Amino acid sequence: MAATDWSKLTFSYTKTSTILYCKFKDGVWGEVESHTDDNILLSSFAGVLHYSIECFEGLKAFRGKDGNVRLFRPEENAKRMQNSAKFLGIPAPDTELFISMCRQIVKENLDFLPPYGTGASLYLRPTLIGYNPQLGVQSSKEAMFMMLCSPVGAYTGGNLEPCNAAIARNYDRAATFGTGRYKLGGNYAASLYSLNIAHSKGYKAVLYLDPATHTLIDEFNSSNFFAIKGNKYITPLSDTILPSITNKSLETVAADLGMEVERRPVTVEELATFEEAGECGTAVVITPISYIDDKPSLESEEYTRYRFTETECGPKSLRLYKTITGIQYGEIEDKFGWCIFVD
């Protein structure tokens, strides 16, 4: 890829040199296979196609200031995938295999790893699917673990570019005691209808409430919610929220910077008391929220608006962002031991 192309990257698919996959059959994982073709051979009766027996992860590889290539906390992604697979009742790769394949996919696609200073990175998409043909509603006995990658820029259009959001009071992304805490493809499919409505109304994101009472903030359609109030970093506590590795990292950084960290139930009405608010996740690290409209329904033209910023990221969010990205790009000391190097 030509150097002049890096600045034009968005969060979208780019064909790279290889993909990897490994199959679980007869109780064991097979050899890791590397293929130049993105297409895979899959039975039309595979469980993933009929019953959404699928989970995935997202993490990034970064070209550092020192020239070294870093992966950010891949062991946490491995653990989360193992939890998702356990919920689905399918075999999952152990942490050693997971990280080994992360390293291998980066090595095989180094030409697609953006240079330091571009703000871009190589996004890794580990994906685990139910593989064997089946008709009955049951957990798949065979699985395929794939490691995919693509160079990416910012998820929402620009790093630290504020976006707006609407609260979805008449739609849920997950059910009480359901799948919200697991990274399953079905959870994202469940958000598409309401997200498309929000987009048609001019909103970039949807903020979902707890499915039981619709009074507490859960998370956005693709990332966790956090807010800043005084010297506090506040993020919702809920069993229907995906445990974000980025959010977990931001909590650690906030505490290290002397902020008070609160992970607790957060009411909608508290939005009026927050000085900063944002989305946080692998794809964005932090996307500041300009304003959130609370509407009786996404289709309604009535709303109560909670505004946080006009055109720029708030000072505390910016400091958190620079600390996380500084660690990822090797600009500051990784005092937490989060990065794994790719030889």
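## Strand β9: two faces, both covered

Cys163, Ala165 and Ile167 point one way from β9, while Asn164, Ala166 and Ala168 point the other way, and all are buried. This is a predicted model. Strand β9 spans residues 163–168. Six of its six residues are buried, so the strand is largely enclosed by the rest of the structure.

Which strands pair with β9? One is β16, residues 285–294. β9 and β16 pair in the parallel sense, over five bridges. Within this pairing, isoleucine 167 stands opposite aspartate 294 of β16. Another partner is β10, residues 205–209. β9 and β10 also run parallel, and four bridges join them. Here alanine 168 has tyrosine 208 of β10 as its bridge partner. How does the chain get from β9 to β10? The path goes through helix α4, residues 185–200. This β-α-β crossover is right-handed.

## Strand β7 and its neighbours

Now turn to β7, residues 121–130. This strand is mostly covered: nine of its ten residues are buried.

β7 pairs with β4, residues 54–56, through three bridges. The two strands run antiparallel. Cysteine 55 stands opposite leucine 128 of β7. Strand β5, residues 59–63, is also joined to β7 by three bridges, again antiparallel. In that pairing, leucine 59 has leucine 124 of β7 as its bridge partner. Ten bridges join β7 to β8, and these strands run antiparallel too. One pair to find here is arginine 125 and its bridge partner in β8, leucine 148.

## The loop between β7 and β8

Glutamine 134 lies in the loop between β7 and β8. Is glutamine 134 buried or exposed? Its relative accessibility is 7%, so it counts as buried, the cut-off being under 20%.

What does glutamine 134 touch, leaving out residues up to four places away in sequence? Its contacts are Phe45, Gly47, Tyr51, Ile53 and Ser140.

## Cysteine 149 in β8

Cysteine 149 is found in strand β8. This residue is buried, with a relative accessible area of 7%.

Leave out residues up to four places away in sequence, and cysteine 149 touches Thr14, Thr16, Ile105, Asn109, Leu122, Tyr123 and Leu124. Leu122, Tyr123 and Leu124 fall within the 121–130 range of β7. Cysteine 149 and leucine 59 are 90 residues apart along the chain. Even so, their C-alpha atoms are separated by 9.5 Å.

## The second largest pocket

β7 and β8 also help to line a pocket: each supplies at least two residues of the lining of the second largest one. The largest share comes from β8, with five residues. The pocket holds about 350 Å³ of space.

How many residues line the second largest pocket? There are 15. Nearest its centre lie Tyr13, Tyr123, Arg125, Leu148 and Ser150. Some of these names have come up already. Arg125 and Leu148 are bridge partners across β7 and β8, and Tyr123 is one of the contacts of cysteine 149. The lining divides into nine nonpolar, four polar and two charged residues.

Methods
Residues numbered from 1 in each chain as written. Predicted model: local features only at pLDDT ≥ 70, side-chain atom pairs only at ≥ 80, totals over all residues. Heavy atoms only, no water. 1 Å grid on protein atoms, 1.4 Å probe; cavity = no way out; pocket = protein on both sides within 12 Å on 5 of 7 lines; lining within 4 Å. Points joined across faces, edges and corners; volume = space filled by probe spheres on them. Nonpolar A, V, L, I, M, F, W, Y, C, P; charged D, E, K, R; others polar. Buried < 20%, exposed > 50% of the residue type's maximum accessible area, 1.4 Å probe, protein only. Contact = heavy atoms within 4.5 Å. Pairing = 2+ DSSP bridges. Right-handed = clockwise from strand over helix to strand, strands pointing away.
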